[in-house]
Amino acid sequence: LLSLGYEDFGSNRIEIVVHDKVSNNALYQPDNTRPMIKVGKGDGELLANLSTDADVVSHELGHHVVYNSITRISGESLVLHEGLADFFTFARTGNACLGESICPATSDFCYVANQCLRTGENDLALGAADLPSEPHLKSQFISGFLWDFISKDKVPANVWAALVLKS
């Protein structure tokens with residue numbers, strides 16, 4: 001995120017807890033004195049390799065960045081959080097597929113089977129009948145919209161991400 005222009009991670013260390021008890025999940029826990037990212041291992045059936053896929057930690061760190069502006073993490077604010085955290089990972093990697101190594105062939109949990117937990121390469125639109133209601137999946141209309149400026153409009157990722165960060 002430093003390469004995208006973000007500079008203020010705060011003065012407190014962000015603790016990363018790997019192989020946490022939340023097996024098929026990773027989460028960011030904001031705290032004024034000790035913010036934390038918890039990453040499970042994955043059960044190998046629904047999700048795998050959570051603790052070794054860099055996109056997972058990058059996404060959770062994206063929540064830390066977004067939390068400096070949007071402190072509510074429920075309802076539509078959660079959708080914004082998820083979409084922006086995904087987008088910052090896409091911009092950092094230059095790849096619109098989030099979590100390529102965490103989708104086992106046996107899982108039906110990933111948006112693109114056996115490839116991407118979520119993706120910016122989508123045709124989701126706000127208000128469309130096929131827009132998912134689950135916040136992580138619904139947020140793809142935000143991350144996809146932002147990703148389109150890079151992939152379709154050829155705005156350099158670092159320039160576009162810096163604008164999104166400032167806004």
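## Close-up views of a predicted model

**View 1. The N-terminal end of helix 1 is capped by D53.** In this predicted model, a side-chain oxygen of D53 lies 2.9 Å from the backbone nitrogen of D55. Helix 1 covers residues 54–67, and its 14 residues should span 20 Å at 1.5 Å a residue. The C-alpha atoms at the two ends of helix 1 are 20 Å apart, in agreement with that expectation.

**View 2. Helix 1 is largely enclosed by the rest of the structure.** Ten of its 14 residues are buried, so the surrounding structure largely encloses the helix. The buried residues are D55, V56, S58, H59, E60, G62, H63, H64, V65 and V66. Among the elements that cover these buried residues of helix 1 are strand 2, strand 3 and helix 2. The cover also includes strand 4 (97–98), strand 5 and helix 5 (157–166).

**View 3. H81 of helix 2 and its contacts.** H81 is placed in helix 2. With a relative accessibility of 0%, H81 counts as buried. When neighbours within four places in sequence are left aside, H81 is in contact with H63, V66, Y67, I70, R72 and I73. Two of these partners, H63 and V66, are listed among the buried residues of helix 1.

**View 4. Strand 3 pairs with strand 1 in the parallel sense and with strand 2 in the antiparallel sense.** The pairing of strand 1 with strand 3 runs over four bridges, and V18 stands opposite V39 in strand 3. Strand 2 and strand 3 are likewise paired over four bridges; here Y28 stands opposite I37 in strand 3. Strand 2 and strand 3 form a hairpin, with six residues between them.

**View 5. A salt bridge joins E15 and R34.** The closest N and O atoms of E15 and R34 are 2.5 Å apart. E15 lies in strand 1 (residues 15–18) and R34 in the loop between strand 2 (26–29) and strand 3 (36–39), so this pair ties together parts that are 19 residues apart in sequence. Both side chains belong to partly exposed residues: E15 has a relative accessible area of 28%, and R34 has a relative accessibility of 46%. The structure holds six salt bridges, and this pair is one of them.

**View 6. E76 and K138 meet in a salt bridge.** The N to O distance between the side chains of E76 and K138 is 3.2 Å. E76 lies in helix 2 (residues 75–93) and K138 in helix 3 (residues 135–138), so the bridge ties together parts that are 62 residues apart in sequence. K138 counts as buried, at 16% relative accessibility.

**View 7. R118 forms a salt bridge with E82.** The closest N and O atoms of R118 and E82 are 3.8 Å apart. This pair links distant parts of the chain, with R118 in strand 5 (residues 118–119) and E82 in helix 2, 36 residues apart. R118 and E82 are both buried. Salt bridges that share partners join E82, D86 and R118 into one network.

**View 8. A disulfide links C97 and C116.** The sulfur atoms of C97 and C116 are 1.9 Å apart. The angle about the S-S bond is -120 degrees, and the link is left-handed. C97 lies in strand 4 and C116 in the loop between strand 4 and strand 5, so the disulfide ties together parts that are 19 residues apart in sequence. C97 and C116 are both buried.

**View 9. A disulfide joins C103 to C110.** The S to S distance in this link is 2.1 Å. The torsion about the S-S bond of C103 and C110 is about -100 degrees, so this disulfide is left-handed. C103 and C110 are both buried. The count for the structure comes to two disulfides. With the bonded cysteines of the chain numbered in sequence order, the pairing is 1-4, 2-3.

Key:
Residues are numbered from 1 along each chain as its sequence is written. This is a predicted model: local features need pLDDT of at least 70, side-chain atom pairs count only at pLDDT 80 or more; totals for chains, interfaces and linings use all residues. Side-chain values use heavy atoms; hydrogens and water are left out. A salt bridge is a side-chain nitrogen of Lys or Arg within 4 Å of a carboxyl oxygen of Asp or Glu. Buried means under 20% relative accessible area, exposed over 50%, partly exposed in between (1.4 Å probe, protein chains only). The expected span of a helix is 1.5 Å times one less than its number of residues. Contact means heavy atoms within 4.5 Å. A polar contact is a pair of N or O atoms within 3.5 Å; within protein, one must be able to donate a hydrogen and the other to accept it, and residues adjacent in sequence count only if both atoms are side-chain atoms. Two strands pair if DSSP finds at least two bridges between them. A disulfide is a pair of cysteine sulfur atoms within 2.5 Å.
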